Amino acid sequence: MITTVATQPIAGQKPGTSGLRKKTPVFMGPHYLENFVQAIFDVVGASGKTFVLGGDGRYFNDRAAQVILRMAAANGAARMIVGQGAVLSTPAASHLIRLNKTDGGIIMSASHNPGGPEEDFGVKFNMPNGGPAPEGVTEAMFQRTTEITAYKMLEAQDVDLNAIGRHDLGGMIVDVVDPVADYADLMETLFDFPALRALFAGGFRMRMDSMCAVTGPYAVEILENRLGAAPGTVTHATPLPDFGGMHPDPNPTWAHELMDEMMGADAPDFGAASDGDGDRNMVVGRGIYVSPSDSLAVLAANAHLAPGYAKGLAGVARSMPTSAAADRVADALGIAKFETPTGWKFFGSLLDAGRATLCGEESFGTGSDHVREKDGLWAILLWLNILAVRKQSVAEILAEHWARFGRNYYSRHDFEAIATDKADAMMAALRASLADLRGREVEGMTIATADDFAYTDPVDGSVSAKQGVRIIFDDGSRIVMRLSGTGTEGATLRVYLERYSPGPEGLDHDPQEALAPVIRAAHGLARLAEFTGRTAPDVVT
Ligand code: VG1
Ligand code: CO
């Protein structure tokens, strides 16, 4: 029986950088999930359609999946493809949407945000191309939430999502599938698995930290079962609803266990970690951390060594705050380069049009045209493939890379949970000062340009304004500041810092030291302490 439930708009259901994220109790509140899901179906239409459904397994994932399935059936969907246990990594969901040519998918995740009864939950919609809905679509969904009066619900028992196979829910087909198999098969088409098996058989040691989040089963299947890495290579391999209390954000601060091991005596050859929903990655060599911006550049310079990219790359795209290291590679290779706003949704049109093959963000995200999301395990496997072919250490590969291209020293400083009004006031004052900054001398550097990044999509012409303040100095150094669009508490200020050293001297400094004048300039120009009371960041990556 289908019921129509009366509801009213709930304020604040505006998707951010990547879907709608709120505290779990908010999402579990009366009508909250239902209103947003109905808004999705109202905008994209559900009648007769097929969607993929899965999430990162965090607290409320299983209950939310049953609600979404009942609503899909009530709204007339023909078929839902669901990962077993309602679990799918974000890149695996993207792949299933593409593989099965569905009408899109719903992903339940707050990604790198902590999970649990008092932590974060999230929902996002992906398009038939497998990528996150673009701004125009998420804006329409938000508009719909502001005028909603009712949602449709099927009265039915839970579907057994642990049982792989076909189920019926009020006339809608529910296909429960193995969340790992198709994704692992896709990886086999891109990378030289025999060479990787030989690498591990030859004694190569790796540590993969899945941070009690979604990649555990994927990493065990691919690294340990298919590639023969030693049992136990993958740690924190069992996904838990609260991520075991870990903050599933793969950076040196939150993946400190991995960092300690990689910097210690008897470190393995290669270390990696991934985030809550498996789209982010951090890679670490023995004794050396690879910044995500450098990782993108190294992958771009070496991707042709993996079978899936042997023909070379059409182009490389990076988000604006990501360092220009990848641009130098693109120039050297004579291929196209693109600079987009923060958020993977902006890469979709470039990938669909075949103009970019590799994409990356400074926030530990890298991916390619094999799916339409960033992909943590994909990046880790590409690194492994490169290591297998070049037979060098991560440290050697980085040193050679910087010697050839120069080094873009880079760091991001995050100031978390600032009172929203204070952060907004600081950004407003900074924006107001931009027109007068040109030519000003700060910390011995002269400001060449200062603006608020606006992007015109070269494929579809859509325009996105106010994507972050950038201050560029005449020596190429750069400060970028923007407020996070994924947080659920106050405002998070992100300060992105970059300074280029052409070499051959000065390629092996500590990034924080190399960036010290740029950091001081950032604090001074934004009057950070004055507005926010903060003098030091909470997280440095
Ligand atoms: C952050 C990152 C951004 C990334 C986004 C989603 O957004 O900076 O690069 O695309 O998270 O990543 P923001 O607005 O907080 O800076 V994930 O792995 O949380 O889906
Ligand atoms: Co993520």
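## Aromatic pairs

In this predicted model, a search of the whole structure finds twelve aromatic pairs. One of them joins Phe41 and Phe51, whose ring centres lie 5.8 Å apart with the planes at 45°, so the pair counts as tilted. The pair links distant parts of the chain, since Phe41 belongs to helix H2 (residues 32–44) and Phe51 to strand S3 (residues 50–55), with the two residues ten apart.

## Ligand 1 and its shell

Ligand 1 is surrounded by 20 residues, of which Thr17, Ser111, His112, Ser363 and Arg494 come nearest. By class, this shell is made up of ten polar and ten charged residues, with no nonpolar residue in it.

Several side chains place a polar atom close to oxygen atoms of the ligand: for Ser111 the distance to an oxygen atom of ligand 1 is 2.6 Å, for Glu361 the corresponding distance is 2.7 Å, and for Asp279 it is 3.0 Å.

## Cavities

The structure holds six cavities of 30 Å³ or more. The largest cavity, with a volume of about 250 Å³, is lined by 25 residues, and those closest to its centre are Thr17, Arg280, Glu361, Lys374 and Thr486. This largest cavity is the space taken by ligand 1, and its lining divides into three nonpolar, ten polar and twelve charged residues. Thr17 thus appears both among the residues that come nearest to ligand 1 and among those closest to the centre of the largest cavity.

The second largest cavity has a volume of about 80 Å³, and of the 15 residues that line it, Gly19, Lys124, Phe125, Ala133 and Thr138 are the closest to its centre. Strand S6 (120–126) and helix H5 each supply at least two residues of this lining, with S6 giving the most, namely three residues. By class, the lining of the second largest cavity has eight nonpolar, five polar and two charged residues.

## The largest pocket

The largest pocket encloses about 1,000 Å³ of space, and of the 34 residues that line it, Gly16, Thr17, Leu483, Ser484 and Gly485 are the closest to its centre. Its lining has seven nonpolar, 15 polar and twelve charged residues.

Elements that each supply at least two residues of this lining are strand S2 (20–23), helix H5 (135–145), helix H15 (420–433), strand S25 (478–483) and strand S26 (491–501). Helix H5 therefore contributes to the lining of the largest pocket and also to that of the second largest cavity.

How values were computed. Residues are numbered from 1 along each chain as its sequence is written. Chains are lettered from A and ligands numbered from 1 in the order in which they are written. This is a predicted model: local features need pLDDT of at least 70, side-chain atom pairs count only at pLDDT 80 or more; totals for chains, interfaces and linings use all residues. Side-chain values use heavy atoms; hydrogens and water are left out. A residue is near a molecule or strand if one of its heavy atoms lies within 4 Å of it. A polar contact is a pair of N or O atoms within 3.5 Å; within protein, one must be able to donate a hydrogen and the other to accept it, and residues adjacent in sequence count only if both atoms are side-chain atoms. On a 1 Å grid over the protein atoms alone, a cavity is a set of points where a 1.4 Å probe fits but cannot get out, and a pocket is an open set with protein on both sides within 12 Å along at least five of seven lines; lining residues have an atom within 4 Å of a point. A molecule sits in a cavity or pocket if more than half of its atoms lie within 2 Å of its grid points. Ala, Val, Leu, Ile, Met, Phe, Trp, Tyr, Cys and Pro count as nonpolar, Asp, Glu, Lys and Arg as charged, and the others, Gly among them, as polar. Grid points are joined across faces, edges and corners, and a volume is the space filled by probe spheres set on the points. Helices (H or I, at least four residues) and strands (E, at least two) are DSSP runs, numbered from the N terminus. Rings of Phe, Tyr and Trp (its six-membered ring) pair if their centres lie within 6.5 Å; planes under 30 degrees apart count as stacked, over 60 as edge-to-face and the rest as tilted.
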